[in-house]
Amino acid sequence: MATYQRIVLASRPMGEVSPENFRLEQVPVPTIGAGEVLVRNHFLSLDPYMRMRMEDVKSYAAPQALNEVMIGGTVGEVVGSNNPKFAVGDKVLGMLGWSEMGVSDGSMLRKVDTSHIPLSAYLGAVGMPGMTAWYGLTQIMQPKAGETIVVSAASGAVGSVVGQLAKLRGCRAVGIAGGAEKCAYVVDELGFDACVDYKAGNLAADLAAATPDGIDAVFENVGGKIFDECLARMNPFGRIALCGLIAGYDGQPMPINNVRAFLTMRLTMRGFIVSEHQDLWPQGLKELGALVAGGKLKFRESIAQGLAAAPDAFIGLLKGRNFGKQLVKLV
Ligand SMILES: NC(=O)c1ccc[n+]([C@@H]2O[C@H](COP(=O)([O-])OP(=O)(O)OC[C@H]3O[C@@H](n4cnc5c(N)ncnc54)[C@H](OP(=O)(O)O)[C@@H]3O)[C@@H](O)[C@H]2O)c1
């Protein structure tokens, strides 16, 4: 390959993201310098946090720069190396962005073992989304056997892992997802005890039926009405891991009415950013890797074909068109 494709942020969204916010570029393959590694990316991960980075507002991380390659997790293969730690043919996890190729100095690159775990899973259940589920569940929700936990966006990359880990810890796991097909998957394939279809029109009644003993801990991925209905069902001293608020990322307002539950039920809520807890990643990834390798942690992927499909797939992710971990296949 003499050239490769990459996608840069062309403009910041005003309201909902549109394809015009991105620009596809064809650029020459660079020559690597001393200590550098050239990687051919096989999969790009699309994640909801990217939407927040597209805005120039105060947040936990600096905004995505205009005209620079969009940030993103990648897995791929080393095709050139001037770094003694990496050899041509190594499979690696990196943050090389929305790009078919990338150069790294090796510091943000990790070799991965694909003998028992598929390469793409290092962007999902055995990667950042899996760790997010593991962290929120074990460190914030701290559920005990017999408790009821609820997770929203339950069929997705993070939510699917939350419920399965909770089941392994002896909890009643209840998911909330959009549509009958996603809910059937959450119960029949992932083994949750119940899943509420928030699009069916009876959210409050359906959630009450799925949580007859109330809710002891919530893993919140969505916000808005879904979160509000969970608050109304919380048991005393309930815990909430505030992981994401995807219903509001694309500019939608998100009022919350049941704030009184924090007082009356003496609730604890903590927001978290998984990348800030690197000390716990080895422990979490060990558990997740063993579960995936042993077939005890299931996951599903939505795979868009080719880098040019990334903007549409990303817009789809924000609208729930993905079904499982959203990836883009680049090779
Ligand atoms: N705090 C952290 O460190 C951290 C790290 C990773 C991810 N997260 C957060 O975790 C959440 C899930 O991320 P993910 O990567 O696992 O994505 P995902 O669940 O695989 O995909 C996003 C899902 O969100 C749901 N959704 C989108 N818009 C919605 C809306 N308006 N109302 C209700 N549901 C909506 C859709 O599912 P339905 O079809 O079921 O609605 C969609 O499939 C996101 O909020 C993300 O920002 C946080």
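Mentor: Start with a term. Partly exposed means a relative accessible area between the buried range, under 20%, and the exposed range, over 50%. Keep in mind that this is a predicted model.

Trainee: Is Ala153 buried, partly exposed or exposed?

Mentor: Ala153 has a relative accessible area of 33%, so it is partly exposed. Its place is the loop between β8 and α3.

Trainee: What should I look for in the backbone there?

Mentor: Look at phi. Most residues other than glycine have a negative phi. Ala153 has a positive one, near 50°.

Trainee: What is the phi of Gln142?

Mentor: Gln142 also is a residue other than glycine with a positive phi, near 40°. Find Gln142 in the loop between α2 and β8 (148–152).

Trainee: Now helices. How do I read the sides of one?

Mentor: Count along the turns. An α-helix has 3.6 residues a turn, so residues three or four places apart point the same way. Now take α8, residues 281–293. The helix has 13 residues and reaches 17 Å from its first C-alpha to its last. The span expected at 1.5 Å a residue is 18 Å, and α8 is close to that.

Trainee: Which residues of α8 are buried?

Mentor: Trp281, Gly284, Leu285, Leu288, Gly289, Leu291 and Val292 are the buried residues of α8. They cover an arc of only 165° around the axis, which puts them on the same side of α8. Pro282, Lys286 and Ala290 are exposed on the other side.

Trainee: What do the buried residues of α8 pack against?

Mentor: They pack against one strand, β7 (110–111), and against the helices α2 (128–141) and α3 (157–168). After α8 comes Gly295, with a positive phi near 70°.

Trainee: How does a helix look when burial is not one-sided?

Mentor: Check how many of its residues are buried. In α9 (310–318), eight of the nine residues are buried, so this helix is largely enclosed by the rest of the structure. The buried ones are Ala310, Pro311, Ala313, Phe314, Ile315, Gly316, Leu317 and Leu318.

Trainee: Which elements do the buried residues of α9 pack against?

Mentor: Among them are the strands β1 (3–9), β2 (22–28) and β3 (37–45). The helix α1 (49–53) and the strands β14 (301–305) and β15 (325–329) are also partners. Just after α9, Gly320 takes a positive phi of about 80°.

Trainee: How many residues of α6 are buried?

Mentor: Seven of the eight, so α6 is largely enclosed by the rest of the structure. They are Gly224, Ile226, Phe227, Asp228, Glu229, Cys230 and Leu231.

Trainee: Pick one. What does Glu229 touch?

Mentor: Glu229 sits in α6, residues 224–231. With a relative accessible area of 17%, Glu229 is buried. Leave out residues up to four places away in sequence, and Glu229 touches Leu203, Ala204 and Leu207.

Trainee: How far from Glu229 is Ala208, C-alpha to C-alpha?

Mentor: The two C-alpha atoms are separated by 9.2 Å, and the residues are 21 apart along the chain. Ala208 lies in helix α5, residues 203–210. Ala208 is partly exposed, at 29% relative accessible area.

Trainee: Can a loop residue be handled in the same manner? Where is Ser120?

Mentor: Ser120 is in the loop between β7 and α2. Its relative accessible area is 7%, so Ser120 is buried. Setting aside neighbours within four places in sequence, Ser120 is in contact with Phe43, Val75, Glu301 and Leu327.

Trainee: Last topic, the ligand. Which residues come nearest to it?

Mentor: There are 28 residues around the ligand, and Lys182, Tyr198, Tyr249, Phe272 and Asn322 come nearest. The helices α2, α3 and α9 each supply at least two residues of the shell.

Trainee: Which polar atoms should I check?

Mentor: Begin with Tyr198. A polar side-chain atom of Tyr198 is 2.5 Å from an oxygen atom of the ligand. Next, a polar backbone atom of Gly178 is 2.8 Å from an oxygen atom of the ligand. Then Phe272: a polar backbone atom there is 2.7 Å from a nitrogen atom of the ligand.

Trainee: How much of the ligand's area does the protein bury?

Mentor: Taken alone, the ligand exposes 910 Å², and the protein buries 91% of that.

Note on methods: Residues numbered from 1 in each chain as written. Heavy atoms only, no water. Helix = DSSP H or I, 4+ residues; strand = E, 2+ residues; numbered from the N terminus. Expected span 1.5 Å × (residues − 1). Buried < 20%, exposed > 50% of the residue type's maximum accessible area, 1.4 Å probe, protein only. Arc of directions from axis to C-beta. Contact = heavy atoms within 4.5 Å. Near = heavy atom within 4 Å. Polar contact = N/O pair within 3.5 Å; in protein donor to acceptor, adjacent residues only side chain to side chain. Areas by Shrake-Rupley, 256 points an atom, 1.4 Å probe, with all protein chains shown as cover.
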